[in-house]
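The following exercises are intended for a reader who meets this structure for the first time. Please attempt each task before turning to its solution.

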Amino acid sequence: MCGIAGIIGIADAGVADRMICAMAHRGPDGIGALHGEWFSARMVRLSIVDPRGGDQPIYDSTRRVAVLFNGEIFNHRELREELERKGVRFSTRCDTEVIAQLYALEGLQAITRLQGMFAIALFDGNMVHLCRDGFGIKPLYVCQSSAYSLLFASEIKALSASTAFSARVNWQAVVDNTVQGYPAAGTTFLQDVHELAPGTIMTVERGSERIACSTRRFRTVQFVPDNDRDLDANAAKLLTALDTAVSRQFACEASIGVSLSGGLDSSAITILAAKRGATPVHAICVSESTLSDDLEVARHVARSYPVSITERSVEPDEYVGALADVAWIEEQISTFSAIPNYFLAMEAAKHHRVMMSGEGADELFGGYKTYLGHAKDAQERLDRVSRLSARGITPHPNIMHDLKRLAAARSDDEHAEIVFDIYLHDQLVSNHLQIADKYYMAFGVECRVPYLDDIFAGVALQLPLEHRVNRRLGIQKVALKAAAASLGPVACLAAMRRKLGLPSALGTMHRSLLRPPFSQHRSIYARSLGAVAPFTGIYGLAFDLFAHIFVKGRGERPHTNLVADLLREGLTRREAAALPV
């Protein structure tokens, strides 16, 4: 696990150094550098696999191929054994070398054989290949600053720190965020900064005068239901697959813990982890009160299995004091609803280098109320958005396309399948996976997500709709709940509990942001965009934090008094402060 960054097309060590320094938190154990005639790249390392021998860059046997890698390959042992049978000799035990040796033999076909979470930079002569895993668990951003160079990095702040990049607000993303709660897939709140799409390889090729960039998809994640309508059989297959995923992701040379909210998703992971060995599993819970329902279910898990719990209570002044740091970590116009992750990751760093999380289960099994919605609801939303478009406020074409798909659904079941498709490809990546990665890595902790393990997801993606959500009875996560039933009464209790989610842990504190002084804030940076977004209250403060940190401040970590300074200036400033356009 690490952070990677670089500039391709121009060899500029100074740019690469500034970029990686902006992500030093992602790799406290070392720094690696790679230089070529037409590139400069860097990485910072969090040692998980082969701590002594896995320093990057890693080369293949011929030293033709060099690899910088962020993530974990969970089938690297099987791939290593296969390569050794073919005569390949390894100099380390790390999964990074498996990538290099496999690519040297098979080319880009090697990427399709990797099971795990990854963002990879492969350097091969006059080509550089940037690769991202199929679900988009590990972030990777790119910015082509000119016809001559391209920047890449694990976090946006590294791009903002680069002198080769001019940071500007992407106003289209601001519009899209107002419509759906996050930017259109692949876009960010900074102009010209894009996410590499999940399951994609971007190839940058050196030309005589400029670089040429092309992309190809090597994996598309989608639901392909089979004809098996036997719920008990599907639940058994799910449980076996989840047990396998937890076991292989729990196998770790570093200390590992579990995020436990008291809900079904995290409770099932914790119970399976606890059943796999004699050593007690360490779980971390976050709440605003020792009397919370979340903690009570978590305590039931701990009393019934070999699980020890660290309970992290958050005080109101801590919550407010974290707002600026949260904006810096999330790299977006934050809703601040994910702040519990901040305190969870902070506590985790005191105990572990790796944490297991339940991310992905909601998108695979229909954990949100939207999955039980109706096509007529989508039509009403489309009508509202169309009225905005008539006033010159037009969402991204992809967002409009999705709204029209939902509104055109011929049945509620078809509507649900479209919601599954949209959330799996957009919301999961933009709203959950990126946020989880950045929170944990801000404190030097790796986050693993067994629900998105290739083995488990392969089973879940074959489930028929009625085993994900029962629309007639209003039951969500049908097959996952059936699987959890065989884990015992405590798992059943977690399955029956009303979905609250991790953000509910600090719900009262979050609602305080809707009251003064936050509700009185008027944005100091927002341009006159009419009704594009409500640049007042907590949204206005979130926008100001983003603009101040990533446009004006070039991604530097904010000082502790920034929120108070912005609130004060918002009450007195008469004109919007200037931003680059």
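Four exercises with worked solutions follow, and they concern a predicted model.

**Exercise 1. The annotated domain**

Task: State which feature UniProt places at residues 2-207, and describe the chain there.

Solution. The unreviewed UniProt entry gives residues 2-207 as "domain: Glutamine amidotransferase type-2". Next, consider the secondary structure: over residues 2-207 the chain is 32% strand and 23% helix. Finally, the C-alpha atoms at the two ends of this stretch lie 30 Å apart.

**Exercise 2. The antiparallel sheet**

Task: Determine the strand order of the open sheet of six strands, and identify its edges.

Solution. Begin with the order, which is 4-5-6-7-11-12, with antiparallel pairing. The edges are strand 4 (58-59) and strand 12 (211-217), each of which pairs on one side only. Now examine one edge in detail: strand 12 runs antiparallel to strand 11 (residues 200-206), and seven bridges join the two. Within this pairing, Glu 205 has Ala 212 of strand 12 as its bridge partner.

**Exercise 3. The parallel sheet and the helices across it**

Task: Describe the open sheet of five strands, and then place helix 7 and helix 11 with respect to its strands.

Solution. The order is 15-14-13-16-17, and the pairing is parallel. Strand 15 (307-313) and strand 17 (446-448) are the edge strands, each pairing on one side only. On average, neighbouring strands of this sheet are turned by 30° against each other, direction ignored. At one edge, strand 14 (residues 281-287) is joined to strand 15 by seven bridges, and the two run parallel. There, Ala 283 has Ile 309 of strand 15 as its bridge partner.

The helices come next. Helix 7 (residues 264-275) lies across strand 13 (256-259), strand 14, strand 15 and strand 16 (354-356), and runs at about 150° to strand 13. Helix 11 (residues 339-348) also lies across strand 13, strand 14, strand 15 and strand 16, running at about 145° to strand 14.

**Exercise 4. A crossing of two helices**

Task: Classify the crossing of helix 10 and helix 15, and characterise their contact.

Solution. The axes of helix 10 (residues 323-330) and helix 15 (residues 412-442) come within 9 Å and cross at roughly 120°. An angle between 115 and 145 degrees counts as oblique, and the two helices are therefore oblique to each other. Their crossing is right-handed. Helix 10 contributes Val 326, Ile 329 and Glu 330 to the contact, while helix 15 contributes Ile 435, Lys 438, Tyr 439 and Ala 442. The contact residues divide into five nonpolar, two charged and no polar.

Definitions and conventions:
Residues are numbered from 1 along each chain as its sequence is written. This is a predicted model: local features need pLDDT of at least 70, side-chain atom pairs count only at pLDDT 80 or more; totals for chains, interfaces and linings use all residues. Side-chain values use heavy atoms; hydrogens and water are left out. UniProt positions are given in the numbering used here, feature names are shortened, and annotations may be inferred rather than shown by experiment. Helices (H or I, at least four residues) and strands (E, at least two) are DSSP runs, numbered from the N terminus. Axes are lines fitted to C-alpha atoms, for helices over the stretch in contact, and angles run from 0 to 180 degrees between N-to-C directions. Angles under 35 degrees count as roughly parallel, over 145 as roughly antiparallel, 65 to 115 as roughly perpendicular and the rest as oblique. A crossing is left-handed if the near helix is turned anticlockwise from the far one by less than a right angle, and right-handed if clockwise. Contact means heavy atoms within 4.5 Å. Ala, Val, Leu, Ile, Met, Phe, Trp, Tyr, Cys and Pro count as nonpolar, Asp, Glu, Lys and Arg as charged, and the others, Gly among them, as polar. Two strands pair if DSSP finds at least two bridges between them.
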